[in-house]
Amino acid sequence: MTMIKGFWEKLNRPILALAPMANVTDAAFREIIAKYGKPDVMWTEFVSCDGLLSPGREHLLLDLQYSELQRPIVGQIFGSKPEHFYEVARLLQQLGFDGIDINMGCPDRAVEKQGAGAALVKTPRLAQEIIAATKRGAGNLPVSVKTRIGYNQNTLSEWIKYLLESEPAAITIHARTRKEMSAVPAHWDAVREAVQIARESQSETLILGNGDLSSIPEALQKVTESGAAGIMVGRGIFGNPWFFDRNPSPEGVSLQQRFRVMQEHTRLFEKLFAGRKSFDVMKKHYKAYISDFPGARELRANLMLVKNADEAEGLLTPLMMKLEKSQSFA
């Protein structure tokens with residue numbers, strides 16, 4: 001089946017991508033990131049194909065919300081039934097996504113029990129069937145894959161050949177095995193190997209690397225060393241929607257600015273998800289936003305107790321006023 005490249009052809013190199021992270025990169029956080037430091041391409045949280053074809057579909061559609069500011073936006077899906085990927089690819093096409101990504105790397109046990117996520121590394125022929133079915137349903141949308149370098153051990157040299165045969169527009173490689181999770185440093189030499197294999201097979205599939213990227217200079221260095229077309233950032237974005245800002249202030253992000261954006265993020269989360277998603281999702285972000293300043297531990301502990309945006313603002317507003325006052329006397 002012909003490779004459709006879609007928006008991937010138009011992106012500048014190196015490509016800087018935002019990773020999909022469950023209960024983290026929802027529509028609210030992506031909107032904040034798009035506003036303060038937009039990457040070249042963004043992924044949604046991953047969504048179950050089986051779930052999208054079930055009576056519980058309406059709730060899952062929350063995870064597929066996006067705004068025009070977030071384009072190009074890729075909908076990520078997981079599952080193990082090719083026919084379901086076909087149907088859901090058609091749905092994502094109707095929802096106006098710019099691309100579709102298949103999760104073949106998630107180590108969650110509940111996902112793997114379905115034969116999905118990282119479990120697909122062990123069933124490469126099924127993985128190929130899933131890519132083919134997704135491409136049939138995707139119409140003119142490009143289809144990509146996010147995966148790992150192996151399951152219990154590094155089998156990338158064999159595994160990636162199956163993927164390249166299926167001609168996805170891009171493959172993002174989390175440079176660890178399923179067994180390693182995130183407990184060891186990412187093996188960026190494996191990303192370099194994947195680039196070499198793609199080159200030798202004359203594949204037009206783009207290779208992106210993922211793992212242990214804490215800054216844009218570090219990401220650019222990894223691109224240079226590996227030869228990858230780009231990188232994907234996951235944990236580095238926590239508490240730092242400015243991560244992808246190409247022109248950061250030499251002074252960095254002030255504490256006042258951090259508080260203000262955190263408030264904006266909270267209000268947006270409540271606007272989009274009030275009564276439909278647990279407010280506890282925001283508390284993951286508070287832990288990351290609130291760090292490295294006197295009184296951070298106490299404020300963080302208090303924020304873990306709030307139940308809505310008003311309560312969070314009640315804690316932050318006095319601190320922001322105090323900061324403004326101290327600056328005016330500086």
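How much space lies in the second largest pocket? I looked this up before anything else, and the answer is about 420 Å³. A reminder to myself: this is a predicted model, and I read every entry below with that in mind.

**Entry: the second largest pocket**

I listed the lining next. It has 20 residues, and those closest to the centre of the second largest pocket are N240, W242, P248, G252 and V253. I then asked which elements give two or more residues to this lining, and found α9 (216–226), α10 and α11. By class, the lining of the second largest pocket divides into eight nonpolar, eight polar and four charged residues.

**Entry: the largest pocket**

I went on to the largest pocket, where I noted a volume of about 690 Å³. Its lining counts 28 residues, with P20, M21, K146, R148 and H174 the closest to the centre. Which strand provides the largest share of this lining? I found that β6 does, with three residues. Both β6 (143–148) and β9 (230–233) supply at least two residues each to the lining of the largest pocket. I sorted this lining by class too, and got eleven nonpolar, eleven polar and six charged residues.

**Entry: α10 against α11**

Since α10 and α11 both turned up in the lining of the second largest pocket, I checked how these helices sit against each other. Two packed helices are described by the angle between their axes and the distance between the axes. For α10 and α11 (residues 280–289), I have axes that come within 11 Å and cross at roughly 175 degrees. The cut-off for roughly antiparallel is over 145 degrees, so I wrote this pair down as roughly antiparallel.

Which residues meet here? On the α10 side I noted R258, V261, M262, H265, T266 and F269, and on the α11 side V281, M282, H285, Y286 and Y289. The contact of α10 with α11 has seven nonpolar, three polar and one charged residues by class.

**Entry: α10 against α1**

I stayed with α10 (residues 255–273) and turned to α1 (residues 27–36): their axes come within 8 Å and cross at roughly 140 degrees. That angle is not over 145 degrees, the cut-off for roughly antiparallel, and α1 and α10 are therefore oblique to each other. I also noted that α1 passes α10 in a right-handed crossing.

From α1, the residues in this contact are A27, A28, F29, E31, I32, K35 and Y36. They meet V261, E264, H265, L268, F269, L272 and F273 of α10. Sorted by class, the contact of α1 with α10 has ten nonpolar, one polar and three charged residues. Looking back at my list for α11, I see V261, H265 and F269 there, and I have V261, H265 and F269 in the contact with α1 as well.

**Entry: backbone points to remember**

Most residues other than glycine have a negative phi, and most peptide bonds are trans. I therefore marked the places that depart from this pattern.

Where are the cis peptide bonds that I marked? One joins R13 and P14, with omega about -5 degrees. P14 lies in the segment before β1 (15–18). Another cis peptide bond joins R71 and P72, and omega is about -5 degrees there. I placed P72 in the loop between α3 (57–60) and β4 (73–78).

I closed with N23, a residue other than glycine with a positive phi, near 60 degrees. N23 is in the loop between β1 and α1.

Definitions and conventions:
Residues numbered from 1 in each chain as written. Predicted model: local features only at pLDDT ≥ 70, side-chain atom pairs only at ≥ 80, totals over all residues. Heavy atoms only, no water. Axes fitted to C-alpha atoms, helices over the stretch in contact; angles between N-to-C directions. Helix = DSSP H or I, 4+ residues; strand = E, 2+ residues; numbered from the N terminus. Parallel < 35°, antiparallel > 145°, perpendicular 65-115°, else oblique. Left-handed = near helix turned anticlockwise from the far one by under 90°. Contact = heavy atoms within 4.5 Å. Nonpolar A, V, L, I, M, F, W, Y, C, P; charged D, E, K, R; others polar. 1 Å grid on protein atoms, 1.4 Å probe; cavity = no way out; pocket = protein on both sides within 12 Å on 5 of 7 lines; lining within 4 Å. Points joined across faces, edges and corners; volume = space filled by probe spheres on them.
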